[in-house]
Amino acid sequence: LEKVPHLVKTETDPIMFLRTDHYNVEQAATRLAMYWKERKTLFGEDRAFLPMTLAPDGAMGSCMKDMQQLELGYVARVPDDDHGRPVIFLDRSTSTKAPTYERDCWLRVLWYLVHVICLNQDYQKSGYVIIINLKDYDPHKCGDRLGAKKMFLYVRECWCPRFKGYH
């Protein structure tokens, strides 16, 4: 908050976290603190406090690897479901086999996509869905348990749109 008060206010407005935690102030405050703790861990000190944008001076746009990972589509935003909820697609069938696979890159891309979703007030109320393609996925050969563990930590304890489920 001391480093970039404007960024904290615009990107993590407390009302978003209150909506997620059904207006439980203590839970929302804990989620907000975890958001910044994990954002700093994932993006590093140099990028965590940049705006979460694709611009060259943003947290995503300042890293060529992350931009390439976004373009590859292992993690992608797809059209809303029949209930009007945003959908994020994870293609696990190919992501860990690719020569360009890097855990932190796909986690940052996922973080960015969820961030974009959370800025929409309707989505803050409706929540979001994740669809995971596991076709031909062998967790014994190409599994990434740590990546999955981190993703579910972010879903449960950091991000502010309500997670409605995965398929």
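**Exercise 1. Aromatic pairs**

Task: Find how many aromatic pairs this predicted model holds, and work out what kind of pair Phe43 and Trp111 make.

Solution. Start with the count: the predicted model has nine aromatic pairs. Next, take the rings of Phe43 and Trp111, whose centres are 6.3 Å apart. Ring centres have to lie within 6.5 Å to pair, so these two qualify. Then look at the planes, which stand at 75° to each other. An angle over 60 degrees counts as edge-to-face, so that is the label for Phe43 and Trp111.

Now place the two rings in the chain. Phe43 belongs to helix H3 (residues 25-48), while Trp111 belongs to helix H6 (residues 103-118). The pair therefore ties together parts that are 68 residues apart in sequence. Finally, check the surroundings of each ring: Phe43 has a relative accessible area of 4% and is buried, and Trp111 is buried too, at 0%.

**Exercise 2. A second pair**

Task: Decide whether the rings of Tyr154 and Trp159 are stacked, tilted or edge-to-face.

Solution. The ring centres of Tyr154 and Trp159 lie 5.5 Å apart, and their planes meet at 50°. Stacked needs an angle under 30 degrees and edge-to-face one over 60, so this pair is tilted. Both partners are buried: Tyr154 has a relative accessibility of 1%, and Trp159 has a relative accessible area of 2%.

Take one more step and see which residues join up. Tyr154 and Trp159 sit in one aromatic cluster with Phe17, Tyr35, Trp36, Phe43, Phe49 and Trp111.

**Exercise 3. Following Tyr154 and Trp159**

Task: Locate Tyr154, then list what Tyr154 and Trp159 touch beyond their neighbours within four places in sequence.

Solution. Begin with the location: Tyr154 is part of helix H9. Its C-alpha is 7.7 Å from that of Tyr35, although Tyr154 and Tyr35 are 119 residues apart in sequence. Setting aside neighbours within four places, Tyr154 is in contact with Glu38, Leu42, Leu107, Trp111 and Trp159. On the same basis, the contacts of Trp159 include Thr20, Arg31, Tyr35, Leu110, Trp111 and Tyr154.

To widen the view, turn to the whole chain. Of the contacts between residues at least 6 apart in sequence, 67% join residues at least 24 apart.

**Exercise 4. The nonpolar core**

Task: Find which residues touch the most other members of the largest nonpolar core, and which element gives the largest share.

Solution. This core has 39 residues, and those touching the most other members are Ile88, Leu110, Trp111 and Trp159. Next, ask which elements give two or more residues: among them are helix H1 (5-11), helix H2 (14-20), strand S2 (87-91), strand S3 (128-133) and helix H9 (145-158). The largest share, ten residues, comes from H6. As background, nonpolar side chains tend to be buried together in soluble globular proteins. In this chain of 167 residues, 47% are buried.

**Exercise 5. Cysteines**

Task: Count the disulfides and explain why Cys105 does not form one.

Solution. The count is zero disulfides. For Cys105, the closest cysteine sulfur is in Cys63, at 5.6 Å. A disulfide needs sulfur atoms within 2.5 Å, so this distance is too far for a bond. Cys105 is buried, at 1% relative accessibility. Cys158 is buried as well, with a relative accessible area of 0%.

**Exercise 6. Two residues in a loop**

Task: Say where His22 and Tyr23 lie and what the sign of phi is in each.

Solution. His22 is located in the loop between H2 and H3, and Tyr23 lies in that loop as well. Phi is positive in His22, near 55°. Tyr23 also has a positive phi, about 65°, without being a glycine. As for cover, His22 is exposed, with a relative accessible area of 59%.

**Exercise 7. The whole chain and its confidence**

Task: Summarise the elements of the chain and find which has the lowest mean pLDDT.

Solution. The chain has nine helices and four strands, and along the sequence they follow the pattern α-α-α-α-β-β-α-α-α-β-α-α-β. The average pLDDT is 86, and 90% of the residues score at least 70. Element by element, helix H8 (residues 139-142) has the lowest mean, 59, and H3 the highest, 95. To finish at the surface, the chain exposes about 9,000 Å², with 57% of that supplied by carbon and sulfur atoms.

Notes
Residues are numbered from 1 along each chain as its sequence is written. This is a predicted model: local features need pLDDT of at least 70, side-chain atom pairs count only at pLDDT 80 or more; totals for chains, interfaces and linings use all residues. Side-chain values use heavy atoms; hydrogens and water are left out. Rings of Phe, Tyr and Trp (its six-membered ring) pair if their centres lie within 6.5 Å; planes under 30 degrees apart count as stacked, over 60 as edge-to-face and the rest as tilted. Buried means under 20% relative accessible area, exposed over 50%, partly exposed in between (1.4 Å probe, protein chains only). Contact means heavy atoms within 4.5 Å. Accessible areas come from the Shrake-Rupley method with a 1.4 Å probe; for residues, only the protein chains shown count as cover. pLDDT is the predictor's confidence in each residue, from 0 to 100. A nonpolar core is a set of buried Ala, Val, Leu, Ile, Met, Phe, Trp, Tyr and Cys residues joined through side-chain atoms within 4.5 Å.
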